[in-house]
Amino acid sequence: MLPTNHPFTKIIISLAIALTLITMLAINLVSEIPYIVQERGLSESFLGLILVPIVEKAAEHITTVEDACNNHMTGALFHVLGSTIQTALFNTPLVVLVGWAINRPLDLEFELFNLIVLVLSILVVGSFTRDLKSNYLEGSLCLIFYVLIAVGSYFD
Amino acid sequence: MSPSLLTDIPPAPPPIHSNGSRAALADDIPVAEIALPSSPRPSITNEPRPSLGYEDVHHCGFKLARGVRIRPMHILSICWRTASPASKCVNLLWPLVPIAIALQYTHGYLHLEVFILSYLAMIPCANLIGFASYESTRKLPKVLGHLVETILASTPEMVLLLVLLHKKQYVIIQAAVLGSILATLLLCLGLCFFFGGLMYSEQTFHGAVSELGSDLLLTAYVKLPSLSPYPVHFAHIPQCNGSHDSRCLSRNSSIANGSNRTRPDYLSRHFNVPYVRVLYLRLLPDALSPPPVRGLTRI
């Protein structure tokens, strides 16, 4: 409980610091990607499908799992679904439009494997959430599905 | 305990509330929950105290200092004590951040080490953004707070995608977009259900969330393949230049985002309509709920 007259100051300061650090670390990370792909032989699809999203979403996943462990499953699911909708409907068009503005030819021609796996995972998740109850078996099945996709994209 | 210590924040760590790990920074903890059983309750009596230049009294009975008193060690100790186990492990990664930044500029030839260190160092920074967005939702009105939290939580993702775009890694961007949806749906949901199921045998959730999950997600993501040129290829148009057409399709679809391309109206060309629609639909029940009626609780 910090006595302070400016409740928003610490939020804005911490946001500014965190954003600066993340930008610098992201630039470091992305500049090493060509080396990893060419010298170490990691497939680009594994890097893009599994490794990069985990580092983007790690903190958000931790918050969501905390909510679930404290019996606020509705809040946790709200975070999950809000985040997926945010990615699909906001981040993707943002990236395409910014690419158009700075003359980078980005298109949304996804690989067939990724598309099929995505639609299947939505069907799986939809069927798990339909009965309004959850247990650890459903969770472990989702995790096993994710591991299978990771292994499949590693040997691309 | 000496009387002078009663004016300071007590050293006992506050218990973790049912809503998780952020309880210590809330302003509304009642006094009884903070004091240890062995220590005396901080009293609000009028006994003489040494004057320390304080003026106001906090509503919990502690005296506030004038102005801003920043005590870094106290801040750090609060952050450490109130973090959940997972957040504690993430906060342990903070020393890697200056190491990763310094290594890039001094020993730039150590590519693998720089990659791994930058990877691990991004996690505590993203955790700080998540923490700041959570704190901001406590100060803002409910609807705006949820909106700000959702947008701020995806800021690391936006930054990473834009940096990838700048460095021309198009294959990885396409994989990252789908991969982040996969990671959230399968990995995050799987971990939630798994660890929640270990702690409670069965958990229930509200029907509105599941409806949002199954129906809205499926319709939203069936649109994503339609943004790709597979329908064009299957139509066997002979003068179809694959890459140029796919780019035009993607750009127009990103503006209109699935709405009818043969009938472009101003709204669909200039606003990202489905996102706005989804946000409004999600926020509308909150916005339409009646404000709490005061003054009727007296019986």
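Student: Are A:K57 and B:E157 buried or exposed, and what sets the limit?

Tutor: A:K57 and B:E157 are both buried, a word that stands for under 20% relative accessible area (exposed is over 50%, partly exposed in between; 1.4 Å probe, protein chains only). This is a predicted model, in which local features need pLDDT of at least 70 and side-chain atom pairs pLDDT 80 or more, while totals for chains, interfaces and linings use all residues. Residues are numbered from 1 along each chain as written, chains are lettered from A and ligands numbered from 1 in written order, and side-chain values use heavy atoms, without hydrogens or water.

Student: Why is the pair A:K57 and B:E157 called a salt bridge?

Tutor: The closest N and O atoms are 3.2 Å apart, and the definition asks for a side-chain nitrogen of Lys or Arg within 4 Å of a carboxyl oxygen of Asp or Glu, so the pair qualifies. A search of the whole structure finds one salt bridge over all chains.

Student: How do you know that this pair joins two chains?

Tutor: A:K57 lies in helix 3 (residues 44–69) of chain A and B:E157 in helix 7 (residues 155–166) of chain B, so the pair joins two chains; helices are DSSP runs (H or I, at least four residues), numbered from the N terminus.

Student: What makes A:L120 buried, partly exposed or exposed?

Tutor: A:L120, in helix 5 of chain A, has a relative accessible area of 42% and is therefore partly exposed, since that value lies between the limits of 20% and 50%.
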